[in-house]
Amino acid sequence: MATQSLEFKSGLDDSKFQAGLKNMEKGAKASTGKISGMIKGIGLAAAAMAVVNAAKATMNMGGDLADQAGSLNMNVETMQKLQGVMLQSGVGQDQFVMGMKELGEAMVAAREEGGPALEKFTKLGISFEQIDDAGNDTAKMFYIMSDAIMNSESALDATTAATAILGGKQGKMVAGMRAGSEEIKKQGEGIKILTAEQVEYTARLGDATEQEVNNLKVTGAAAAAALANKLGTAGGMKDK
C-alpha cells in the first residue's frame, strides 16, 4: 500500500509537471509568434528603407556627378569617360579626382606665377601658349599631357615631370596617360556614361524627391511602430 501510494503520488506529480511543461511550451510558442511577427514587420520596414535609400542614391547620382565635374572644370560626359579609362589602369575615382584637382591648380599657378610652376610643364615639352590656350579646361590639358608623355624620349623623365604636376602618388594615372590622347578618347567611347541631359535631370529629381523620401521614411517607421503595438511588444504604446 505504501508503495502504491507513493506510485500514485509520483504519477500525480508527474502529470502536473507535464501539464506545466505544456503550458510553458504554449506560452513560449505564443511569445515566439509575437517576436517572429515583430521581426518580420521590422524586416519589411528595413527592406522598405533599403529601397528608399537606393532610390535616393540613384537620384542623387546626377547631382554628385555635376558637382564633381564643376569642381574639376570639366564637361560631365568627358569626366565620366576619363574616369572609366583611368579605372582600367587601376586609378580609383578618388585618386582620379585628386589628380585632376592638382592639374587644375598647377595650370593656374603656371599661368599666373610662371617660374618653377611653369617649368613643371615645360619639362614635358608643354609651352605657356598651350597652357594659356587651355584656360581652365583640365580635360584639354589632360590630353595635351597625355601626348607629351607618350612622345617623351624618356619614360622616367616624363613620369617624374608628370607626377610633379598631378601628385607624387599618381604613377598609375601617368601610366594610363602614356597611351596618348587619341587612344584614350577611343577607349572612352566604350565607357557607359550618363549624358549631360540625364545628369541634369537626375540632379533635379534628387532635389525634388528629398521631401518625398523623408515622408516615406516616416511612413515606414509609423507602420513598424503600429505593428509592434498590435503585437503588444514592450507592453504596447501607452496613452499619455
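## Serine 181 and its contacts

Let's start with serine 181, which sits in helix H9, a helix covering residues 181-188. Keep in mind that this is a predicted model. Is serine 181 buried or exposed? Its relative accessible area is 5%, and buried means under 20%, so serine 181 counts as buried.

Which residues does serine 181 touch, once you skip its neighbours within four places in sequence? The answer is Tyr143, Ser146 and Asp147. Two of those names, Tyr143 and Ser146, turn up again among the buried residues of helix H6.

## Helix H6

Helix H6 runs over residues 138-151, which makes 14 residues. From its first C-alpha to its last it reaches 20 Å, close to the 20 Å you'd expect at 1.5 Å a residue. Of its 14 residues, 10 are buried, so H6 is largely enclosed by the rest of the structure. Among the buried ones are Ala139, Met141, Phe142, Ile144, Met145, Ala148 and Ile149.

The N-terminal end of H6 has a cap, provided by aspartate 137. One of its side-chain oxygens lies 3.1 Å from the backbone nitrogen of alanine 139.

## Threonine 138

Threonine 138 belongs to helix H6 too. With a relative accessibility of just 2%, threonine 138 counts as buried. So what is it in contact with, leaving aside neighbours within four places in sequence? Threonine 138 touches Leu72, Asn73, Met74, Met100, Leu103, Gly104 and Met107.

## The salt bridges

How many salt bridges are there? The count comes to 2. One of them joins the side chains of glutamate 189 and lysine 81, with N and O 3.3 Å apart. Glutamate 189 is in the loop between H9 and helix H10 (196-208), while lysine 81 is in helix H2 (residues 76-87), so this pair ties together parts that are 108 residues apart in sequence. Glutamate 189 is exposed at 58% relative accessibility, whereas lysine 81 is partly exposed at 23%.

There's also a salt bridge between lysine 140 and aspartate 133, whose closest N and O atoms are 2.8 Å apart. Here lysine 140 is partly exposed, with 33% relative accessibility, and aspartate 133 is exposed, with 53%.

## The whole protein

Now zoom out. What is the protein built from? It has 11 helices and 0 strands, so reading the elements from the N terminus gives you α-α-α-α-α-α-α-α-α-α-α. There are 240 residues in the protein, and 30% of them are buried.

Contacts tell you something about the fold as well. Take the contacts with a separation of 6 or more: 68% of them are between residues 24 or more positions apart. As for the outside, the accessible surface comes to about 14700 Å², and 58% of that belongs to carbon and sulfur atoms.

## How far to trust it

The mean pLDDT of the protein is 76, with 60% of the residues reaching 70 or more. Over residues 1-12, though, the pLDDT is below 50, and this stretch has 0 contacts in the model beyond near neighbours in sequence. Where pLDDT is low, you shouldn't read the predicted coordinates in detail.

Definitions and conventions: Residues numbered from 1 in each chain as written. Predicted model: local features only at pLDDT ≥ 70, side-chain atom pairs only at ≥ 80, totals over all residues. Heavy atoms only, no water. Helix = DSSP H or I, 4+ residues; strand = E, 2+ residues; numbered from the N terminus. Expected span 1.5 Å × (residues − 1). Buried < 20%, exposed > 50% of the residue type's maximum accessible area, 1.4 Å probe, protein only. Polar contact = N/O pair within 3.5 Å; in protein donor to acceptor, adjacent residues only side chain to side chain. Contact = heavy atoms within 4.5 Å. Salt bridge = Lys/Arg side-chain N within 4 Å of Asp/Glu carboxyl O. pLDDT = per-residue confidence, 0-100. Areas by Shrake-Rupley, 256 points an atom, 1.4 Å probe, with all protein chains shown as cover.
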